[in-house]
Amino acid sequence: AITSAPAKMLGLNTRGRLQSGMVADVVVWRGDPLELSTQIQAIYIAGEAQNLDNRQLQLFRRYRRTNP
């Protein structure tokens, strides 16, 4: 949510850009992040990929496979 220009104005010279050797928090979207139907593809916090699995997804997968 922050780019290099606002980061510089706030004195955050190490934030707001993706560059080799820098620490970053990044969200990768499958489309326009302002669209309600867009899903998150990946999240990286401090350069480490985060697990996107949660209890809601686990329950969805479990009960979606019901016998007719």
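## A tour from the sheet to helix α2

Select Tyr 44 first: its bridge partner in β3 is Ala 49. The model on screen is a predicted one.

**The sheet**

Now widen the selection to the strands. There are 3 of them, forming an open sheet in the order β1-β2-β3. The pairing is antiparallel. Colour β1 (26-29) and β3 (48-49): these are the edge strands, and each pairs on one side only. In general, strands of a sheet pair through backbone hydrogen bonds, either parallel or antiparallel.

Take the β2–β3 pairing next. Strand β2 covers residues 40-45. It meets β3 in the antiparallel sense over 2 bridges. Pick Ile 45 and look across: Glu 48 in β3 stands opposite.

Switch to the other pairing. How many bridges join β1 to β2? The count is 4, and these strands also run antiparallel. Select Trp 29 to see one pair: its bridge partner in β2 is Ile 40.

**The hairpin turn**

Go to Ala 46, in the loop between β2 and β3. The hairpin of these strands has 2 residues between them. Check the backbone torsion here. Ala 46 has a positive phi of about 55°, although it is not a glycine. Most residues other than glycine have a negative phi. Is Ala 46 buried or exposed? Neither: at 46% relative accessibility, Ala 46 counts as partly exposed, because that class lies between the 20% and 50% cut-offs.

**The loop between β1 and β2**

Select Leu 34, which is found in the loop between β1 and β2. Its relative accessible area is 76%, so Leu 34 is exposed. Now add Gly 11 and draw a distance between the two C-alpha atoms. They are separated by 28 Å. Along the chain, Leu 34 and Gly 11 are 23 residues apart.

**A nonpolar patch**

Show the surface and select Val 27, Trp 29, Ile 40 and Leu 52. Together they form a nonpolar patch with about 300 Å² of accessible area. Trp 29 and Ile 40 are the bridge partners visited above. Val 27 lies in strand β1. With a relative accessible area of 39%, Val 27 is partly exposed. Patch residues need over 30% relative accessible area, so Val 27 clears that cut-off.

**The salt bridge**

Which side chains meet in a salt bridge? Select Arg 61 and Asp 53: the N to O distance is 2.6 Å. A search of the whole structure finds 1 salt bridge. Now check how open each end is. Arg 61 is partly exposed, with a relative accessible area of 31%. Asp 53, at 32% relative accessibility, also counts as partly exposed.

**Helix α2**

Finish with residues 55-64, helix α2. How many buried residues are there among its 10 residues? The count is 0, and the helix is hardly covered. Zoom in on the N-terminal end, where Asn 54 caps α2. Measure from a side-chain oxygen of Asn 54 to the backbone nitrogen of Gln 56: the distance is 3.0 Å. Then look down the helix axis. An α-helix has 3.6 residues a turn, so residues three or four places apart point the same way.

Note on methods. Residues are numbered from 1 along each chain as its sequence is written. This is a predicted model: local features need pLDDT of at least 70, side-chain atom pairs count only at pLDDT 80 or more; totals for chains, interfaces and linings use all residues. Side-chain values use heavy atoms; hydrogens and water are left out. Two strands pair if DSSP finds at least two bridges between them. A salt bridge is a side-chain nitrogen of Lys or Arg within 4 Å of a carboxyl oxygen of Asp or Glu. Buried means under 20% relative accessible area, exposed over 50%, partly exposed in between (1.4 Å probe, protein chains only). Patches are made of residues with over 30% relative accessible area and no salt bridge: like charges are joined within 9 Å, nonpolar side chains (Val, Leu, Ile, Met, Phe, Trp, Tyr) within 5 Å. Accessible areas come from the Shrake-Rupley method with a 1.4 Å probe; for residues, only the protein chains shown count as cover. A polar contact is a pair of N or O atoms within 3.5 Å; within protein, one must be able to donate a hydrogen and the other to accept it, and residues adjacent in sequence count only if both atoms are side-chain atoms.
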